[in-house]
Amino acid sequence: MKRYLFGLDAEYAHRLTLRMLSLIPPFTPPRARPELAVKLWGTDFKNPIGLAAGMDKDAVAIRAWEMLGFGFAELGTVTPRPQAGNDEPRLWRVPERRALINRLGFPSEGMLAVGPRIERMRKAGISIRLGLNFGPNSNTPPESVAADYATLMEGLGPAADFIVINVSSPNTPGLRNWQSPEKMTELFAAMLGKTGESPRPVLVKISPDLERNELFRICETALELGVDGIVACNTTVQREAIGVSSPHPGGLSGRPLTIRARELIRDIHTHTRGKIPIIGVGGVSTAEDAWLHIRAGASLVELYTALIYEGPGVAERIKAGLADLLRRNGFRSISEVVGIDR
Ligand SMILES: Cc1cc2nc3c(=O)[nH]c(=O)nc-3n(C[C@H](O)[C@H](O)[C@H](O)COP(=O)(O)O)c2cc1C
């Protein structure tokens with residue numbers, strides 16, 4: 001199967017796979033592993049392994065993620081209005097490094113298409129938790145970007161178990177400027193309105209290309225604003241520095257990101273003294289990878305690129321390995337392990 005899919009153009013293979021996954025009828029979900037359960041923001045997660053944003057941008061295959069054993073899926077990035085994204089080609093494999101490069105630019109069916117799909121799945125009954133990742137439309141003028149996030153919060157926020165503010169995609173010009181303390185404060189004021197509160201946990205997703213002092217300023221701003229969590233991290237625009245040579249433009253994901261993601265997780269956990277939960281994402285493809293992200297400070301872990309290289313059994317394999325690592329190291333729950341390497 002992998003050989004067949006790798007013979008196709010990367011984006012065509014992605015579409016085909018997603019279409020097949022969206023047609024999966026419900027079957028018995030994989031066996032529960034109570035020792036992997038995590039409680040965060042008052043929400044019960046069956047396990048800490050989640051699907052990262054970008055794989056299921058329009059929420060078409062929620063049932064499949066549950067059946068493949070994920071404890072949660074971060075859907076999106078969703079934009080307020082539908083948009084096509086950048087011109088193709090815009091997705092490439094770098095198989096020798098188990099990496100992907102994309103410059104998709106948020107193709108999205110828009111929030112009015114995504115909301116009812118989630119509602120339908122919730123009515124049908126799901127146990128997987130759903131994060132919703134928000135981004136602005138590419139034709140939104142800079143002075144209205146905060147209003148785009150506010151529109152998404154109002155229209156789609158209530159459908160989510162948690163919300164992720166994506167200010168770190170390298171493929172939407174100017175987006176990463178919203179990581180500065182001033183812009184982040186402006187964004188939160190616009191999104192949360194007069195009450196200053198959100199009915200759902202709100203997380204910020206950050207870039208691996210931040211300087212250390214920028215990262216620390218974000219941590220301090222996040223503490224001041226009462227941000228509920230940090231997702232670390234998005235794709236990188238670096239190439240040579242992490243040993244990748246490729247002519248393709250855009251954000252790089254997968255194995256070359258593992259170490260950088262872990263360093264960010266540890267820095268955030270240290271700098272916030274563990275006060276802000278972290279979703280660790282970047283280069284996770286084995287139980288050991290997930291384990292080390294958790295030890296560095298991640299309460300939950302996500303993956304995307306490993307699904308392409310390791311196949312649909314990856315979440316189950318990681319869960320089995322994590323359960324084993326817990327037992328062998330004498331822990332009874334994931335939460336006991338979070339940040340012990342800090
Ligand atoms: C093809 C592709 C599309 C992505 N789209 C999004 C997106 O829409 N929003 C987002 O926040 N992150 C997006 N990401 C980034 C992932 O969510 C994740 O942060 C990154 O790929 C690192 O994880 P990985 O190494 O497990 O893939 C995308 C990644 C890939 C490979």
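**Pockets, a cavity and a ligand**

Let's start with the second largest pocket: 16 residues line it, and those nearest its centre are His14, Arg15, Leu18, Lys57 and Asp58. Keep in mind that what you're looking at is a predicted model. This pocket holds about 290 Å³ of space. Helix 2 is the top contributor to its lining, with four residues. Sort that lining by class and you get seven nonpolar, two polar and seven charged residues.

Helix 2 (10-22) turns up again at the largest pocket, where helix 1 (2-6), strand 5 (91-94) and helix 10 also supply at least two residues each. Here too, helix 2 gives the most to the lining, this time with six residues. The volume of the largest pocket is about 480 Å³. Look for Leu5, Thr17, Leu307, Ile308 and Pro312, which lie nearest its centre among 22 lining residues. That lining breaks down into 17 nonpolar, three polar and two charged residues.

Now for the enclosed space. Rolling a probe the size of a water molecule over the atoms shows where empty space is left. How many cavities of 30 Å³ or more are there? The count comes to one. The largest cavity has about 530 Å³ of space. It is lined by 38 residues, and the closest to its centre are Ala53, Asn102, Thr235, Ser253 and Tyr304. Helix 10 (305-310), which you met at the largest pocket, supplies at least two residues of this cavity's lining, as do strand 4 (72-78), strand 6, strand 11 and strand 13 (298-303). In fact, helix 10 gives the most here, with four residues. By class, the cavity lining has 15 nonpolar, 17 polar and six charged residues.

So where does the ligand sit? The ligand is in that largest cavity. Around the ligand are 24 residues, the closest being Ala53, Lys57, Thr77, Gly283 and Thr305. You've seen Ala53 already, among the residues closest to the centre of the cavity, and Lys57 was one of those nearest the centre of the second largest pocket. Strand 6 (99-102) and strand 11 (251-254) each put at least two residues into the shell around the ligand. That shell is made up of ten nonpolar, twelve polar and two charged residues.

Zoom in on the ligand's oxygen atoms. A polar side-chain atom of Thr305 is 2.5 Å from one oxygen atom of the ligand. Lys205 places a polar side-chain atom 2.8 Å from a ligand oxygen atom, and for Asn133 the corresponding distance is 2.9 Å. Taken alone, the ligand would expose 600 Å², and the protein buries 98% of that.

Key. Residues are numbered from 1 along each chain as its sequence is written. This is a predicted model: local features need pLDDT of at least 70, side-chain atom pairs count only at pLDDT 80 or more; totals for chains, interfaces and linings use all residues. Side-chain values use heavy atoms; hydrogens and water are left out. A residue is near a molecule or strand if one of its heavy atoms lies within 4 Å of it. A polar contact is a pair of N or O atoms within 3.5 Å; within protein, one must be able to donate a hydrogen and the other to accept it, and residues adjacent in sequence count only if both atoms are side-chain atoms. Accessible areas come from the Shrake-Rupley method with a 1.4 Å probe; for residues, only the protein chains shown count as cover. On a 1 Å grid over the protein atoms alone, a cavity is a set of points where a 1.4 Å probe fits but cannot get out, and a pocket is an open set with protein on both sides within 12 Å along at least five of seven lines; lining residues have an atom within 4 Å of a point. A molecule sits in a cavity or pocket if more than half of its atoms lie within 2 Å of its grid points. Ala, Val, Leu, Ile, Met, Phe, Trp, Tyr, Cys and Pro count as nonpolar, Asp, Glu, Lys and Arg as charged, and the others, Gly among them, as polar. Grid points are joined across faces, edges and corners, and a volume is the space filled by probe spheres set on the points.
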